[in-house]
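The following report walks through selected features of a protein model, beginning with its strands and ending with a metal site. It is meant to be read beside the sequence and the coordinates.

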Amino acid sequence: MVSAQSGTGSHPRHAPAKANIIPMAHLLQRVAEDRDKQAFAELFENFAPRIKAYMIRQGADPTTAEELAQETLLTVWRKAALYSETKGSATTWIFTIARNLRIDRLRREVPWQALPEGHHEEAADDPAPDEAVSERERRERVHAVLAELPADQHEVVILSFIDGLSHSEIAEHLDIPLGTVKSRMRLAYQKIRESVEDLR
Amino acid sequence: MKNIKHHPDTSTLMSYAAGGLTEPLGAVVAAHLDLCRHCMDELHIMELIGSTLLERIDPTPVSEHAKTDCSSHHHRRAGTAHPEHPSSKQHSVLHKIIGGRLDDIQWKRLGYGLWHHPIALSPNCKGDLRLLKVAPGLAMPAHSHGGAELTQIIHGRYTDEFGSYSPGDLSDLGDDVEHRPVSDPIEGCICLIASDRRARFKDLLPRLLQPLTGF
Ligand SMILES: [Zn+2]
């Protein structure tokens, strides 16, 4: 289902990030606490088309992509109580659900759910009061760093995170040594990590 | 778990965060993350890359019936299925991977102080995942892995040119790095080993055993 052809290596066309107008975390909380269907509809409205686009970039056909988008949102509905605002960003949590569903589908039902969904349980012990704010700030900084990355580093990050290629597939696709792919990944991450260091 | 000294390479974690590792390699990294707060923190930063990109991806319209389908689906289910709530401590990732307790493993003897327990992968997955048990004080001849290979120490210890590996440590040697591991003289070693290639272990085994058997 994952095809190398979808990886154009070009910069993504940036859609306006209206995701933050109503904080997603608040919608998620309303779903978790009140089973609020209106809040769920808003989450669906915001995320389903993005997840569908993501799945298509990952190599899924449009029908499968839509199914996986639906499945992701249903999982959000079902597991909303497992999400807590103090633990991290709603968007990141939903990304990990989408990513894991895509992996499951490719593998045809893994016997174990190995990928953690972006949480560590101990994290709830000492929730920083401004956690949600810093989470959004972190994503904004990550976005700024991504936009500033040298083209060759940006390219491998997109091919990996959006086009779903493994590092050796990226090496093959770009006709560069595997070690070069890995060092570009390390360099890109180093910058991202530095940018959020003071928010940890 | 404190005192973990050896972690996956940054590029390995990046690939994991993107969902790009093969099933066996992903399983070993997951077993490590289950114990390593340090790597879990790194992973969360890496996942921000994914969510940042997802947030700004060009949306593809979803059909009207998918929407109604989705809401009617959870209406239907709302009556019967209870939403999931955080449960108390679940099984460890390792327990899920090996499908039970380490103590209950039925080891297959390979000879010369080695036992193994292959772990089944999903039908569409390539590579190799197995537990390996090494007798105390066994010295392996120098070898490289010629491909991605990850080793998570479960029990006991081994030592090679790069240091001493204890439970929780993960060895992420580059492709053609040679090493000469020696298992702990008292406890031996049990580890979870993943490789990208199916035939890897079969290829490697005779070479490992050769100096011991003399053929
Ligand atoms: Zn670690």
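In this predicted model, B:Glu149 has B:Ser195 as its bridge partner in β9(B). That pair belongs to the contact between β4(B) and β9(B), two strands that run antiparallel and are joined by 7 bridges. β9(B) also pairs with β3(B), which spans residues 128-134, again in the antiparallel sense and over 7 bridges; within β9(B), B:Ile193 is the residue that stands opposite B:Arg130.

How many of the 7 residues of β9(B) are buried? The strand, residues 189-195 of chain B, is mostly covered, with 7 of its 7 residues buried. B:Cys189, B:Cys191, B:Ile193 and B:Ser195 point one way from β9(B), while B:Ile190, B:Leu192 and B:Ala194 point the other way, and all of these are buried. In general, side chains in a regular strand alternate between the two faces of the sheet.

Chain B also holds an open sheet of 3 strands, in the order β6-β5-β8, with antiparallel pairing. Because β6 (163-165) and β8 (182-183) each have a single partner strand and stand at the edges, one side of each is left without a neighbour in the sheet. Between β5(B), residues 158-160, and β6(B) there are 3 bridges in the antiparallel sense, and B:Thr159 has B:Ser164 in β6(B) as its bridge partner.

The strand pairings for which bridges are described here can be set side by side.

| Strand pair (chain B) | Sense | Bridges | Bridge partners |
|---|---|---|---|
| β3 and β9 | antiparallel | 7 bridges | B:Arg130 and B:Ile193 |
| β4 and β9 | antiparallel | 7 bridges | B:Glu149 and B:Ser195 |
| β5 and β6 | antiparallel | 3 bridges | B:Thr159 and B:Ser164 |

Chain A, by contrast, has 8 helices and 0 strands, and buried residues make up 55% of its 200 residues.

Both chains contribute to the second largest pocket, which holds about 900 Å³ of space. Of the 35 residues that line this pocket, those closest to its centre are A:Ser166, B:Gly20, B:Leu21, B:Thr22 and B:Asp196. The elements that give two or more residues to the lining are α4 (90-107), α7 (167-174) and α8 (178-196) of chain A, together with α1 (10-18), α2 (23-33) and β4 (149-156) of chain B. The largest share of the lining, 4 residues, comes from α4(A), and by character the lining residues divide into 12 nonpolar, 12 polar and 11 charged.

One of the elements in that lining, α1(B), is mostly covered, since 8 of its 9 residues are buried under the cut-off of 20% relative accessible area. The buried residues of α1(B) are B:Ser11, B:Thr12, B:Leu13, B:Met14, B:Ser15, B:Tyr16, B:Ala17 and B:Ala18. Just after α1(B), B:Gly19 takes a positive phi of about 85 degrees.

Which protein atoms are the donors of the zinc ion? They are ND1 of B:His7, NE2 of B:His32, SG of B:Cys36 and SG of B:Cys39, lying 2.0 to 2.3 Å from the zinc ion. Along the chain these donors follow the spacing H-x24-H-x3-C-x2-C. The angles among the 4 donor atoms are 100 to 116 degrees, and the site is tetrahedral; the ideal angle for four tetrahedral donors is 109.5 degrees. Among the donor residues, both B:His32 and B:Cys39 are buried.

Methods:
Residues numbered from 1 in each chain as written. Chains lettered and ligands numbered in written order. Predicted model: local features only at pLDDT ≥ 70, side-chain atom pairs only at ≥ 80, totals over all residues. Heavy atoms only, no water. Donors = N, O, S within 2.8 Å, 3.2 Å for Na, K, Ca; no water. Tetrahedral: all angles 85-135°; square planar, octahedral: opposite > 155°, others 65-115°. Buried < 20%, exposed > 50% of the residue type's maximum accessible area, 1.4 Å probe, protein only. 1 Å grid on protein atoms, 1.4 Å probe; cavity = no way out; pocket = protein on both sides within 12 Å on 5 of 7 lines; lining within 4 Å. Points joined across faces, edges and corners; volume = space filled by probe spheres on them. Nonpolar A, V, L, I, M, F, W, Y, C, P; charged D, E, K, R; others polar. Pairing = 2+ DSSP bridges.
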